[in-house]
Every structure is written in structure tokens, then in C-alpha cells.
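The following exercises are to be worked with the sequence and the model in view. Each task is followed by a solution in steps.

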Amino acid sequence: MNIHGILAIYRFEMARTRRTLMQSIISPVLSTSLYFIVFGTAIGSRMGEIDGIEYGAYIIPGLLMLSLLSESISNASFGIFFPKFSGTIYEVLSAPVSPLEVVIGYVGAAATKSVMIGTLILLTARIFVDYSLDHPLWVITFLLLTSITFSMFGFIIGIWADDFQKLQLIPLMVITPLTFLGGAFYSITMLPEPWQSLSLFNPVVYLISGLRWAFYGAADVNLGVSLSMTLLFLFLCLSGTWWIFRTGYKLKQ
Amino acid sequence: MNSILSIRDVSKTYASGHAALKQINLEIERGEIFALLGPNGAGKTTLISIICGIVTRSAGEILADGRDIDREYRDVRSLIGLVPQELSTDAFESVWDTVCFSRGLFGKAPNTAYIESLLKQLSLWEKRNSRILALSGGMKRRVMIAKALSHEPKILFLDEPTAGVDVELRRDMWQMVRELREQGVTIILTTHYIEEAEEMADRIGVIRRGELILVEDKNELMNKLGRKELRVQLQSPLEVVPEPLAEFNLSLSEDGQTLTYHFDAQHEHTGIAELIRRLGQQGLDFKDLQSRQSSLEEIFVSLVGDQR
Ligand SMILES: Nc1ncnc2c1ncn2[C@@H]1O[C@H](COP(=O)(O)OP(=O)(O)OP(=O)(O)O)[C@@H](O)[C@H]1O
Ligand SMILES: [Mg+2]
């Protein structure tokens, strides 16, 4: 194992985060706070409870998930896209680092950043909304799993994308709508058929549901199902990454 | 086995269908400076990129220090340093950070003393805290070299290290390359400045349209292919070359003052002694004799010349 190599990549990426602190950490936390103010305090007070949970508190897991997904993806995808774009990727390709080590370095750094953002969002949310965590360990588990999985997904997008537009395509066109439709702001049981059944094809439903269960002990789908689905995504992203390095897809001519 | 790099039947066809390398066979000897010459698009960068693991080869086998570059990529790659042709560096990192990054990436524990001496040697020490984007092109080139040397490689690839570099820095680099060789580093460089190869290289390889058309010891190459000529400055001008000198195939200059004799330096009897004797017999007095060898550049042009 080339520990120095992993650390070099990890530190490099974390230094980038530090340089762009405003854009990479502060801004997602601020924009999520806006949701808490508008939906949690202003509108939330006029809404009824869902599953016995106050509306302001009910939307926290969904909003947290929204930030985690988009931040993990954009971070990790940019982290690997940029060296490809600028040509500095040659150095990583010629270095004695295994694919696994490259992924640990890049994805590890992106996931670390996501976890930092997630934690900050949870802390800020406490200012606006009163909530408590039923299963803190599960919250941490889902936070970690989601950050890692979607950082890896971002890594794959970063390798696939050959221009800046493609880089933003998936987060904007896929992840954001899926999150909004995935029960971030409502329980999917409130939807009429066929939308309720269709929602079950939305992978984000399981992520949000799992996290909401960890928060409040109540969710749209069973914990086991949520967890299995999350692990399935992790496995899919792992396979994708493995395949990329095995074939040299878009990395080597 | 003395070769540090064995390239066997290596071919590369890009996805576009372009055959960039055709069955390259090449042995690089331990501790030598090898210059790879060839016109634009000949395949030099492709060959280097394959050895360094940046481009996948279509066929063939490569051993570095006796080890397969795929199966034992970790050992092999930590031996190799690469200064690529393109100046692709990070922009916002400091010089110090980017060089330390490279060292770590190649699996070496941090060594501030070594990096410090490296930066000093490359006259980068004053710039260690500058962001790379604020450096000039020549300075960036030095940073690339520092990165390539950060992990103390045994084999160094320099892909056109002196393109766009001023005379002073070029001299510095040549000096540095010689010092590295003294420390036992094997150096493979490509260049378009033939004088550079002439100045530095122990051996020369010429590649043309993906084929290695020649590999030779530099001095032998220059002896063998380089034509020698002897110029005889006469005391008094001639109208024509005298008949008894006809067998020497001499050429006479416009002004009739200079006779030029071409000869094969490899040949045991160059014919010079005989020529001088004949000149004496003809009563032709001369005031000066000059012998000149054609440069590597002329050899190179005659090899690849117009056949791109
Ligand atoms: N990624 C690629 N896809 C397709 N063809 C390529 C690619 N890279 C290089 N080539 C082609 O392969 C050939 C060899 O290119 P290479 O860069 O190895 O040449 P070179 O000898 O380094 O030239 P130069 O002196 O200009 O640097 C060229 O014809 C080039 O167009
Ligand atoms: Mg080249």
C-alpha cells in the first residue's frame, strides 16, 4: 500500500477545499439555512405535522440529503475532472499508486468535505428548528455511506465528463429533481397513485427515508430496505470505478 | 544484463486507427544518456508515455531494471521520473507544495532537506512559496523537473526539456543532466535541437513515422555517417584542377583559391597523405589545411530529411 501516495492526493484535495472555503463549505451551509428559515420557521408553523413530526423538523433529513448528494458529486467530480482537463493527471497515471489508492485519496477527500458540510448543516439547523436524534449512530452511518457512495459516483462522472457542461449535467438534471421528488419535503405516502408507486423507483427515496428513520424513528420505507439500497448504490459505484481503472476508460489512450 | 530498459516489439495504434509506433525494439543501457530524435509526430512522446504508464500499448513487452512494467508497476514506476513535453502544472499550489506532493505520490516519505537542495539546485528556492501560475514559462519548466526528480528516480525521461527555454537555462539543464548521469541516473531525452543531442548524448536513436530507423553510439554515428572534408588553401589560384589530381575528385572554389577533398574517416587509407604528396609533386603550394566533420544535424536531415 502506497500510504504516502494516498496522503498526497488527500492533502492536495483538502488544500483545495481550504483555498475555496467560502464556495465549498460556507455557501452550501448558508443556502440550506435559507430552507430552514423559509420552510422551518416561516411556512412550517402553518403546516400540520407529518408522521407526528413537526414540519420544520420533518424536512431536515431531506435537506441534509440534498446537500450531501450534490456536494459529494460536484466535489469529487471536479477533483478528478480538473487534472484531466489541465493535463496534470499524467502524474497520477505515472505514479506507483494503485487504482484503489487513487480512489481512496480523491473520494476520501470529497467524502470528508461532505461530512463536514453535513455536520455544519445539522448544527445550523438547530438554530432554527428544534429537533432531536433518535438513533445518532445510524445518522452517522447514513451520513458516511451517502458521502462515500456519492463521492464515488461523482468521481465516475468526473472521469466520464469531457467538458464542463457534462460535469454539471447530472447533478442539475438528475440529482436535484430526484431529491425534490424523493420526499425531501413530504412523505411519499401523501402522493396519489400512480405517483406513490412510481416514487419507489426513485433511488433517493430510500436514502432520505433511511436518514429520516435514523432521525425520528419513522419513515416511508423499512430501514432494512433503505440500508440495502444504499449499500447497493455503493456497490454499483465501486464496480463502476473498478471497471474504469481496469479498462483505462477515458483515462488512458 | 546491463540494460536498464528493454523495449520489445512495442506497437501502438491509437483509437483513431493511427499506427503511432511499429514494433519498436530498444535497449537502454544503465547510466547512459540516450537521445531520441525524430520529426514532429514521429512517435517519441507516445513511446515515452507508454513506458511511463500514461498510454496503453497495443502490443509488446517492456522491462525496467528487469521487471515487467505492468506486473511490477509499483517497483518500476518508483524508479522512473518524467518531465512531459506539455507544461501541465497545477496553478494555485505553491512550488514547495507541488514538489512535496509529487514525492508523496511516488511513495517516498517526506524529506525536506532533499527537496530544499533540489529547489536550490534548480534556482527555485526563492520561488518556493510562489504560486505556480505566477511563474514564467522557464520557471514552470524547472518546477516540472523538480517534480520529476522529487522521488529520486533512477531513470529520467525528458521530453523536449529545452523547448522554449533561454540559452542560459538550457546550459544549466545540460549541466544538471550531466551531474545526474554522474550520480548514476539513466537519462532518455527527446529534442529538436540536434546540437543538444550532439552535446549530451552517448547514444542516439532516430525514429521516423513510428519506426526506429537507427540506434547508434553518437561518436560512431558521426564517424560513420558524417562525411569529412579537407580544405586546402592555395598560395596562388588555379583555373582548373590539374589532371594528375583527377582521381581525388576534388572540387575547386569559384575564386580558385580552395581545393576541397571529401573522404571517409572510417577508411584506413583516407588518401590525405597521398594527396599532399601529389600537391607537392605538382608544385602547388598551400598556406592552410582545414579538416571538418559534418554535424549531427546534417546527418539527421539526410536521414529523415524530406521523407516525413
Ligand atoms: N491521443 C491520440 N490519439 C490519436 N493519435 C494520436 C494521439 N496522440 C498522438 N497521436 C498521433 O501519434 C503520432 C505520434 O505522436 P507523438 O506525440 O508521439 O509524436 P512526437 O514524436 O512526440 O512528436 P513531437 O515532436 O511533435 O512532440 C502523431 O501522428 C499524433 O498525431
Ligand atoms: Mg512529442
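Rings of Phe, Tyr and Trp (its six-membered ring) pair if their centres lie within 6.5 Å; planes under 30 degrees apart count as stacked, over 60 as edge-to-face and the rest as tilted. The model is predicted: local features need pLDDT of at least 70, side-chain atom pairs count only at pLDDT 80 or more, and totals for chains, interfaces and linings use all residues. Residues are numbered from 1 along each chain as its sequence is written, chains are lettered from A and ligands numbered from 1 in the order in which they are written, and side-chain values use heavy atoms, with hydrogens and water left out.

**Exercise 1. Aromatic cluster**

Task: State which residues form one aromatic cluster, and describe two of the pairs.

Solution.
1. The cluster consists of A:Phe78, A:Phe81, A:Phe82, A:Phe85 and A:Phe164. Over all chains, the structure holds 17 aromatic pairs.
2. A:Phe81 and A:Phe164 have ring centres 5.0 Å apart and planes at 70°, so this pair is edge-to-face. It links distant parts of the chain, since A:Phe81 belongs to helix 4 of chain A and A:Phe164 to helix 8 of chain A, 83 residues apart. Helices (H or I, at least four residues) and strands (E, at least two) are DSSP runs, numbered from the N terminus.
3. Buried means under 20% relative accessible area, exposed over 50%, and partly exposed in between (1.4 Å probe, protein chains only). A:Phe81 is buried at 2%, whereas A:Phe164 is partly exposed at 37%.
4. The rings of A:Phe85 and A:Phe164 are also edge-to-face, with centres 5.1 Å apart and planes at 70°. A:Phe85 is exposed, at 52%.

**Exercise 2. Magnesium ion**

Task: Identify which residues coordinate the magnesium ion (ligand 2).

Solution.
1. Donors are N, O and S atoms within 2.8 Å of the metal (3.2 Å for Na, K and Ca); water is not among the atoms, so sites may look incomplete.
2. B:Thr45 (OG1) and B:Gln85 (OE1) coordinate the ion, at 1.8 to 2.1 Å.
3. B:Thr45 lies in helix 1 (residues 44-52) of chain B and B:Gln85 in the loop between strand 6 (80-83) and helix 3 (95-105) of chain B, so the pair ties together parts 40 residues apart in sequence.
4. B:Thr45 is partly exposed, at 30%, and B:Gln85 is partly exposed, at 29%.

**Exercise 3. Largest pocket**

Task: Describe what lines the largest pocket.

Solution.
1. On a 1 Å grid over the protein atoms alone, a pocket is an open set of points with protein on both sides within 12 Å along at least five of seven lines; lining residues have an atom within 4 Å of a point. Grid points are joined across faces, edges and corners, and a volume is the space filled by probe spheres set on the points.
2. The largest pocket holds about 1,100 Å³ of space. Its lining has 42 residues, of which A:Arg16, A:Gln23, A:Ser74, A:Asn75 and A:Phe78 are the closest to the centre.
3. Helix 4 of chain A gives the largest share of this lining, 12 residues.
4. By class, the lining has 18 nonpolar, 16 polar and eight charged residues. Here Ala, Val, Leu, Ile, Met, Phe, Trp, Tyr, Cys and Pro count as nonpolar, Asp, Glu, Lys and Arg as charged, and the others, Gly among them, as polar.

Methods:
On a 1 Å grid over the protein atoms alone, a cavity is a set of points where a 1.4 Å probe fits but cannot get out, and a pocket is an open set with protein on both sides within 12 Å along at least five of seven lines; lining residues have an atom within 4 Å of a point.
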